[in-house]
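The following exercises concern the architecture of a protein assembly. Each sets a task and then works through the solution step by step.

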Amino acid sequence: MAKFKKDGGRPTPAINTSALPDIVFMLLFFFMVATKMRDRDMKVKTAIPQATEVEKLVKKSRLNYIFVGPPKDGDLGNTPRIQLDDAFATVDDIQQYITLQNSKKDEKEIPFMTTSLKADKVVKMGIVTDIKQELRKVNALKLSYSALKVADE
Amino acid sequence: MGSRRRDIPEINAGSMADIAFLLLVFFLVTTTMDVPNGLQVALPPMSEEPPPDSKQRKREVLEVLINAGDQLLVEGAPMRIDKLRQKAMDHLTNEGTDPTLSTTSTKAVVSLKNDRGTSYDMYVQVYNELTAAYNDVRDEYSMREFGKLYTKLSTEREKEKIKQVKEKYPKKLSEAEPVSIGK
(Lines give C-alpha, C1' and ligand atoms only; values in the text may rest on other atoms or scores of the structure.)
Protein backbone atom coordinates (compact mmCIF):
# COMPACT_ATOMS: atom_id res chain seq x y z
CA MET A 1 0.00 0.00 0.00
CA ALA A 2 2.45 2.59 -1.02
CA LYS A 3 -0.09 5.14 -2.05
CA PHE A 4 1.53 7.75 0.10
CA LYS A 5 5.20 7.91 -0.49
CA LYS A 6 7.52 8.29 2.36
CA ASP A 7 10.32 10.80 2.74
CA GLY A 8 12.30 9.36 -0.07
CA GLY A 9 10.22 11.15 -2.73
CA ARG A 10 10.89 14.55 -4.27
CA PRO A 11 10.24 17.47 -1.92
CA THR A 12 7.36 19.74 -2.98
CA PRO A 13 8.79 22.94 -4.44
CA ALA A 14 8.19 26.05 -2.30
CA ILE A 15 5.44 28.30 -3.69
CA ASN A 16 6.89 31.51 -5.01
CA THR A 17 5.53 34.27 -2.82
CA SER A 18 7.73 37.06 -4.07
CA ALA A 19 4.73 38.78 -5.70
CA LEU A 20 2.72 38.80 -2.48
CA PRO A 21 4.15 42.10 -1.19
CA ASP A 22 3.24 43.71 -4.52
CA ILE A 23 -0.36 42.62 -4.16
CA VAL A 24 -0.55 43.79 -0.57
CA PHE A 25 1.07 47.12 -1.42
CA MET A 26 -1.45 47.58 -4.18
CA LEU A 27 -4.29 47.06 -1.68
CA LEU A 28 -2.53 49.35 0.76
CA PHE A 29 -2.27 52.18 -1.76
CA PHE A 30 -5.89 51.72 -2.72
CA PHE A 31 -6.97 52.18 0.89
CA MET A 32 -4.63 55.08 1.44
CA VAL A 33 -6.09 56.93 -1.53
CA ALA A 34 -9.75 56.00 -1.26
CA THR A 35 -10.29 56.50 2.44
CA LYS A 36 -10.05 59.34 4.85
CA MET A 37 -8.71 59.42 8.37
CA ARG A 38 -11.24 58.97 11.11
CA ASP A 39 -10.66 62.32 12.75
CA ARG A 40 -13.17 62.48 15.54
CA ASP A 41 -14.68 60.32 18.20
CA MET A 42 -18.40 60.15 17.90
CA LYS A 43 -20.04 60.97 21.18
CA VAL A 44 -23.58 61.03 19.85
CA LYS A 45 -25.57 58.51 17.86
CA THR A 46 -26.38 59.70 14.37
CA ALA A 47 -28.69 57.36 12.53
CA ILE A 48 -29.30 59.69 9.61
CA PRO A 49 -32.60 59.68 7.70
CA GLN A 50 -33.03 58.42 4.17
CA ALA A 51 -33.76 60.52 1.12
CA THR A 52 -33.80 60.18 -2.64
CA GLU A 53 -32.64 63.62 -3.76
CA VAL A 54 -29.27 63.69 -2.02
CA GLU A 55 -26.23 65.18 -3.68
CA LYS A 56 -22.63 64.30 -3.08
CA LEU A 57 -20.54 66.86 -1.29
CA VAL A 58 -17.47 66.83 -3.44
CA LYS A 59 -14.96 68.98 -1.58
CA LYS A 60 -14.45 67.48 1.83
CA SER A 61 -12.13 70.31 2.80
CA ARG A 62 -15.01 72.74 2.43
CA LEU A 63 -17.16 71.07 5.05
CA ASN A 64 -17.91 71.87 8.64
CA TYR A 65 -19.67 69.19 10.58
CA ILE A 66 -22.32 69.51 13.24
CA PHE A 67 -23.58 66.35 14.87
CA VAL A 68 -26.84 66.10 16.76
CA GLY A 69 -28.20 63.04 18.47
CA PRO A 70 -28.72 61.20 21.72
CA PRO A 71 -25.43 60.53 23.56
CA LYS A 72 -23.83 57.13 22.99
CA ASP A 73 -23.03 56.92 26.66
CA GLY A 74 -26.29 55.75 28.19
CA ASP A 75 -25.51 57.42 31.51
CA LEU A 76 -25.97 60.82 29.91
CA GLY A 77 -29.62 60.22 29.14
CA ASN A 78 -31.47 60.28 25.87
CA THR A 79 -31.86 63.98 25.27
CA PRO A 80 -30.26 64.87 21.93
CA ARG A 81 -27.01 66.82 22.29
CA ILE A 82 -24.87 68.74 19.85
CA GLN A 83 -21.33 67.61 19.12
CA LEU A 84 -18.74 69.90 17.55
CA ASP A 85 -15.40 68.25 16.80
CA ASP A 86 -14.74 65.90 19.70
CA ALA A 87 -16.81 67.48 22.42
CA PHE A 88 -20.37 68.15 23.44
CA ALA A 89 -21.49 71.69 22.82
CA THR A 90 -24.51 73.90 23.07
CA VAL A 91 -26.31 75.94 20.46
CA ASP A 92 -24.44 79.05 21.64
CA ASP A 93 -21.07 77.51 20.73
CA ILE A 94 -21.95 77.11 17.07
CA GLN A 95 -21.27 80.68 15.97
CA GLN A 96 -17.83 80.62 17.53
CA TYR A 97 -17.05 77.19 16.11
CA ILE A 98 -17.99 78.09 12.55
CA THR A 99 -16.07 81.38 12.75
CA LEU A 100 -13.01 79.55 14.07
CA GLN A 101 -13.19 76.88 11.38
CA ASN A 102 -13.63 79.46 8.64
CA SER A 103 -10.70 81.52 9.90
CA LYS A 104 -8.42 78.56 9.11
CA LYS A 105 -9.53 78.57 5.49
CA ASP A 106 -8.59 80.69 2.56
CA GLU A 107 -10.81 83.75 2.35
CA LYS A 108 -11.89 82.85 -1.16
CA GLU A 109 -13.21 79.52 0.02
CA ILE A 110 -15.46 80.87 2.75
CA PRO A 111 -18.54 81.51 0.56
CA PHE A 112 -18.34 77.88 -0.54
CA MET A 113 -18.10 76.44 2.94
CA THR A 114 -20.95 74.04 3.55
CA THR A 115 -22.16 72.93 6.93
CA SER A 116 -23.02 69.27 7.01
CA LEU A 117 -25.66 68.64 9.62
CA LYS A 118 -25.62 65.05 10.74
CA ALA A 119 -28.67 64.65 12.91
CA ASP A 120 -30.31 61.53 14.23
CA LYS A 121 -33.81 60.62 13.09
CA VAL A 122 -35.20 61.00 16.60
CA VAL A 123 -34.02 64.61 16.93
CA LYS A 124 -36.83 67.15 17.13
CA MET A 125 -36.92 70.15 14.83
CA GLY A 126 -36.63 72.61 17.71
CA ILE A 127 -32.90 72.04 18.08
CA VAL A 128 -32.39 71.92 14.30
CA THR A 129 -34.22 75.23 13.90
CA ASP A 130 -32.00 76.77 16.56
CA ILE A 131 -28.90 75.54 14.73
CA LYS A 132 -30.19 76.96 11.47
CA GLN A 133 -30.75 80.34 13.11
CA GLU A 134 -27.20 80.32 14.50
CA LEU A 135 -25.78 79.46 11.08
CA ARG A 136 -27.71 82.31 9.52
CA LYS A 137 -26.24 84.68 12.11
CA VAL A 138 -22.67 83.81 11.05
CA ASN A 139 -23.64 83.87 7.40
CA ALA A 140 -22.94 80.18 6.89
CA LEU A 141 -25.80 79.82 4.48
CA LYS A 142 -24.93 76.60 2.75
CA LEU A 143 -26.34 73.73 4.70
CA SER A 144 -26.64 70.08 3.91
CA TYR A 145 -28.94 67.70 5.71
CA SER A 146 -26.91 64.56 5.81
CA ALA A 147 -28.96 61.64 4.50
CA LEU A 148 -28.53 58.18 3.09
CA LYS A 149 -29.29 57.84 -0.57
CA VAL A 150 -32.05 55.41 -1.40
CA ALA A 151 -33.32 54.62 -4.85
CA ASP A 152 -36.52 56.34 -5.94
CA GLU A 153 -39.43 53.93 -6.10
CA MET B 1 38.58 47.44 -2.74
CA GLY B 2 39.17 43.79 -2.95
CA SER B 3 40.13 42.48 -6.31
CA ARG B 4 37.80 39.53 -6.06
CA ARG B 5 34.27 40.10 -7.20
CA ARG B 6 31.84 38.57 -4.80
CA ASP B 7 28.22 37.82 -5.62
CA ILE B 8 25.97 40.21 -3.74
CA PRO B 9 23.81 38.03 -1.53
CA GLU B 10 20.11 38.27 -2.24
CA ILE B 11 18.20 40.28 0.34
CA ASN B 12 15.56 38.22 2.01
CA ALA B 13 12.24 39.84 1.17
CA GLY B 14 10.10 37.24 2.80
CA SER B 15 8.88 39.52 5.55
CA MET B 16 8.05 42.36 3.19
CA ALA B 17 4.53 40.99 2.90
CA ASP B 18 4.17 41.02 6.67
CA ILE B 19 5.18 44.65 6.85
CA ALA B 20 2.80 45.58 4.06
CA PHE B 21 -0.03 43.65 5.72
CA LEU B 22 0.62 45.47 8.94
CA LEU B 23 0.36 48.84 7.22
CA LEU B 24 -2.74 47.69 5.36
CA VAL B 25 -4.47 46.66 8.56
CA PHE B 26 -3.51 49.98 10.14
CA PHE B 27 -5.14 51.90 7.31
CA LEU B 28 -8.19 49.67 7.33
CA VAL B 29 -8.76 50.38 10.99
CA THR B 30 -8.02 54.10 11.17
CA THR B 31 -9.80 55.33 8.06
CA THR B 32 -13.37 55.64 6.93
CA MET B 33 -14.75 55.48 3.46
CA ASP B 34 -18.03 57.33 3.84
CA VAL B 35 -18.78 59.87 1.15
CA PRO B 36 -20.75 62.73 2.64
CA ASN B 37 -24.19 62.84 1.05
CA GLY B 38 -26.91 65.27 1.80
CA LEU B 39 -29.88 67.37 0.84
CA GLN B 40 -28.55 70.79 -0.10
CA VAL B 41 -30.25 73.78 1.42
CA ALA B 42 -29.58 77.48 0.94
CA LEU B 43 -30.53 79.34 4.07
CA PRO B 44 -31.87 82.88 3.69
CA PRO B 45 -29.53 85.59 5.02
CA MET B 46 -30.31 86.91 8.47
CA SER B 47 -31.94 90.29 8.46
CA GLU B 48 -32.82 92.42 11.44
CA GLU B 49 -36.00 93.93 10.11
CA PRO B 50 -39.06 91.73 9.94
CA PRO B 51 -39.82 90.32 6.49
CA PRO B 52 -42.02 92.57 4.37
CA ASP B 53 -45.69 91.74 4.22
CA SER B 54 -46.14 89.27 1.49
CA LYS B 55 -48.02 90.86 -1.35
CA GLN B 56 -48.21 87.56 -3.07
CA ARG B 57 -51.64 86.32 -3.68
CA LYS B 58 -52.55 83.29 -1.71
CA ARG B 59 -52.96 81.10 -4.74
CA GLU B 60 -49.26 81.42 -5.60
CA VAL B 61 -48.26 79.86 -2.31
CA LEU B 62 -48.52 76.17 -1.59
CA GLU B 63 -48.65 76.01 2.14
CA VAL B 64 -47.18 72.92 3.77
CA LEU B 65 -47.41 72.49 7.52
CA ILE B 66 -46.06 69.71 9.69
CA ASN B 67 -47.28 69.55 13.27
CA ALA B 68 -45.67 68.12 16.37
CA GLY B 69 -47.35 64.78 15.71
CA ASP B 70 -45.64 64.56 12.30
CA GLN B 71 -48.92 65.10 10.48
CA LEU B 72 -48.99 66.93 7.21
CA LEU B 73 -51.37 69.72 6.30
CA VAL B 74 -51.28 70.99 2.72
CA GLU B 75 -53.36 74.05 1.87
CA GLY B 76 -55.46 73.45 4.95
CA ALA B 77 -56.21 69.80 4.24
CA PRO B 78 -54.50 66.78 5.76
CA MET B 79 -52.46 64.79 3.28
CA ARG B 80 -50.37 61.65 3.22
CA ILE B 81 -46.72 62.21 2.46
CA ASP B 82 -46.77 60.04 -0.65
CA LYS B 83 -49.26 62.44 -2.28
CA LEU B 84 -47.16 65.52 -1.56
CA ARG B 85 -44.80 65.29 -4.50
CA GLN B 86 -47.65 65.11 -7.03
CA LYS B 87 -49.44 68.00 -5.34
CA ALA B 88 -46.33 70.17 -5.42
CA MET B 89 -45.71 69.28 -9.06
CA ASP B 90 -49.33 70.17 -9.91
CA HIS B 91 -48.82 73.48 -8.17
CA LEU B 92 -45.62 74.28 -10.06
CA THR B 93 -46.88 73.25 -13.48
CA ASN B 94 -50.40 74.62 -13.04
CA GLU B 95 -49.98 77.74 -15.22
CA GLY B 96 -53.36 79.11 -14.17
CA THR B 97 -55.58 76.17 -15.04
CA ASP B 98 -56.65 75.29 -11.50
CA PRO B 99 -57.91 78.42 -9.69
CA THR B 100 -56.57 77.22 -6.33
CA LEU B 101 -53.02 76.68 -7.57
CA SER B 102 -50.35 78.99 -8.99
CA THR B 103 -50.82 81.24 -12.03
CA THR B 104 -47.33 80.84 -13.49
CA SER B 105 -44.42 78.65 -12.57
CA THR B 106 -42.14 81.65 -12.08
CA LYS B 107 -44.31 83.02 -9.29
CA ALA B 108 -45.10 79.72 -7.60
CA VAL B 109 -43.85 79.45 -4.03
CA VAL B 110 -43.80 76.49 -1.71
CA SER B 111 -43.91 77.48 1.93
CA LEU B 112 -42.83 74.97 4.53
CA LYS B 113 -43.64 75.43 8.16
CA ASN B 114 -42.88 73.05 10.96
CA ASP B 115 -43.29 72.85 14.68
CA ARG B 116 -40.46 72.63 17.19
CA GLY B 117 -41.76 69.19 18.06
CA THR B 118 -41.71 67.85 14.51
CA SER B 119 -39.26 64.99 14.15
CA TYR B 120 -36.19 65.61 12.01
CA ASP B 121 -36.90 62.41 10.09
CA MET B 122 -40.34 63.65 9.01
CA TYR B 123 -38.98 67.07 8.12
CA VAL B 124 -36.26 65.57 5.92
CA GLN B 125 -38.82 63.35 4.20
CA VAL B 126 -41.07 66.32 3.45
CA TYR B 127 -38.12 68.43 2.33
CA ASN B 128 -37.01 65.56 0.15
CA GLU B 129 -40.43 65.26 -1.50
CA LEU B 130 -40.54 68.98 -2.24
CA THR B 131 -37.00 68.93 -3.65
CA ALA B 132 -37.99 65.91 -5.70
CA ALA B 133 -41.01 67.82 -7.06
CA TYR B 134 -38.76 70.67 -8.18
CA ASN B 135 -36.26 68.27 -9.71
CA ASP B 136 -39.01 66.38 -11.50
CA VAL B 137 -40.64 69.43 -13.08
CA ARG B 138 -37.23 70.74 -14.09
CA ASP B 139 -36.36 67.37 -15.58
CA GLU B 140 -39.63 67.30 -17.51
CA TYR B 141 -39.15 70.82 -18.86
CA SER B 142 -35.54 70.18 -19.76
CA MET B 143 -36.50 66.95 -21.51
CA ARG B 144 -39.13 68.82 -23.55
CA GLU B 145 -36.84 71.71 -24.45
CA PHE B 146 -33.46 70.09 -24.85
CA GLY B 147 -34.17 66.36 -24.92
CA LYS B 148 -31.98 65.86 -21.89
CA LEU B 149 -32.72 65.53 -18.20
CA TYR B 150 -31.95 68.62 -16.11
CA THR B 151 -29.79 66.61 -13.76
CA LYS B 152 -27.78 65.34 -16.75
CA LEU B 153 -27.03 68.80 -18.14
CA SER B 154 -23.34 69.60 -17.99
CA THR B 155 -22.53 72.38 -15.55
CA GLU B 156 -19.74 73.66 -17.78
CA ARG B 157 -20.92 73.36 -21.34
CA GLU B 158 -24.66 73.83 -20.87
CA LYS B 159 -24.77 76.74 -18.43
CA GLU B 160 -27.30 78.61 -20.56
CA LYS B 161 -29.69 75.69 -20.60
CA ILE B 162 -29.42 75.25 -16.85
CA LYS B 163 -30.09 78.95 -16.41
CA GLN B 164 -33.15 78.77 -18.61
CA VAL B 165 -34.58 75.84 -16.66
CA LYS B 166 -33.86 77.59 -13.39
CA GLU B 167 -35.61 80.71 -14.60
CA LYS B 168 -38.63 78.74 -15.71
CA TYR B 169 -38.89 76.87 -12.42
CA PRO B 170 -37.11 78.94 -9.76
CA LYS B 171 -36.72 77.06 -6.52
CA LYS B 172 -38.77 79.20 -4.21
CA LEU B 173 -38.98 76.91 -1.25
CA SER B 174 -39.43 79.25 1.63
CA GLU B 175 -39.25 78.25 5.23
CA ALA B 176 -41.10 80.26 7.78
CA GLU B 177 -39.30 81.99 10.61
CA PRO B 178 -39.47 79.62 13.54
CA VAL B 179 -42.66 79.78 15.54
CA SER B 180 -44.36 77.28 17.71
CA ILE B 181 -47.61 76.31 16.04
CA GLY B 182 -48.52 73.85 18.75
CA LYS B 183 -50.05 70.44 18.51
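**Exercise 1. Packing of two helices**

In this predicted model, the axes of helix α2 (residues 81-92) of chain B and helix α3 (residues 120-146) of chain B come within 9 Å and cross at roughly 40 degrees. Classify the mutual orientation of α2(B) and α3(B), and state which residues make the contact.

Solution.

Step 1. Two packed helices are described by the angle between their axes and the distance between the axes.

Step 2. Angles under 35 degrees count as roughly parallel, and those from 65 to 115 as roughly perpendicular. The crossing angle here is roughly 40 degrees; α2(B) is therefore oblique to α3(B).

Step 3. The handedness of the α2(B) and α3(B) crossing is right-handed.

Step 4. From α2(B), the contact draws on I81(B), L84(B), R85(B), A88(B), M89(B) and L92(B). From α3(B), the contributors are Q125(B), V126(B), E129(B), L130(B), A132(B), A133(B), D136(B) and V137(B).

Step 5. By class, the residues of this contact comprise 10 nonpolar, 1 polar and 3 charged.

**Exercise 2. The sheet of chain B**

Determine the strand order of the five-stranded sheet of chain B, and explain why one side of β5(B) and of β7(B) lacks a neighbour.

Solution.

Step 1. Chain B contains 4 helices and 7 strands, which follow one another from the N terminus as α-β-β-β-β-β-α-β-α-α-β.

Step 2. An open sheet of 5 strands in chain B has the order β5-β4-β3-β6-β7, with mixed pairing.

Step 3. The edge positions are held by β5 (77-78) and β7 (173-175) of chain B; each has a single partner strand, so one side of each is left without a neighbour in the sheet.

Step 4. At the β7(B) edge, 3 bridges join β7(B) to β6 (residues 109-114) of chain B, and the two strands run parallel. Within this pairing, V110(B) has L173(B) as its bridge partner.

**Exercise 3. The sheet that draws on both chains**

Which strands form the open sheet of 7 strands, and in what order?

Solution.

Step 1. The order is β3(A)-β2(B)-β8(A)-β7(A)-β4(A)-β5(A)-β6(A), and the pairing is mixed.

Step 2. The edges are β3 and β6 (87-89) of chain A, each with a single partner strand, so one side of each has no neighbour in the sheet.

Step 3. Inside the sheet, β7(A) and β8(A) run parallel and are joined by 4 bridges. T115(A) stands opposite L143(A) of β8(A).

Step 4. Helix α3(A) packs on the sheet and touches β4 (63-69), β7 and β8 of chain A; its direction makes about 170 degrees with that of β7(A).

Step 5. Helix α3(B) also packs on the sheet, where it touches β7 and β8 of chain A together with β2 (37-42) of chain B; its direction makes about 75 degrees with that of β2(B).

**Exercise 4. The interface**

How many residues of chain A are in contact with chain B, and which elements of chain A give two or more residues to that side?

Solution.

Step 1. The contact involves 50 residues of chain A and 41 residues of chain B.

Step 2. The elements of chain A that give two or more residues are α1 (20-34), β1 (36-37), β3 (55-56), β7 (114-119), α3 (125-137), β8 (142-146) and β9 (148-149).

Step 3. This side of chain A has 26 nonpolar, 11 polar and 13 charged residues.

Step 4. Strand β1(A) is joined to β1 (residues 31-32) of chain B by 2 bridges, and these strands run antiparallel. In β1(B), T31(B) is the bridge partner of M37(A).

Conventions: Residues are numbered from 1 along each chain as its sequence is written. Chains are lettered from A and ligands numbered from 1 in the order in which they are written. This is a predicted model: local features need pLDDT of at least 70, side-chain atom pairs count only at pLDDT 80 or more; totals for chains, interfaces and linings use all residues. Two strands pair if DSSP finds at least two bridges between them. Two residues are in contact if their C-beta atoms, placed from the backbone, lie within 7 Å. Ala, Val, Leu, Ile, Met, Phe, Trp, Tyr, Cys and Pro count as nonpolar, Asp, Glu, Lys and Arg as charged, and the others, Gly among them, as polar. Axes are lines fitted to C-alpha atoms, for helices over the stretch in contact, and angles run from 0 to 180 degrees between N-to-C directions. Angles under 35 degrees count as roughly parallel, over 145 as roughly antiparallel, 65 to 115 as roughly perpendicular and the rest as oblique. A crossing is left-handed if the near helix is turned anticlockwise from the far one by less than a right angle, and right-handed if clockwise.
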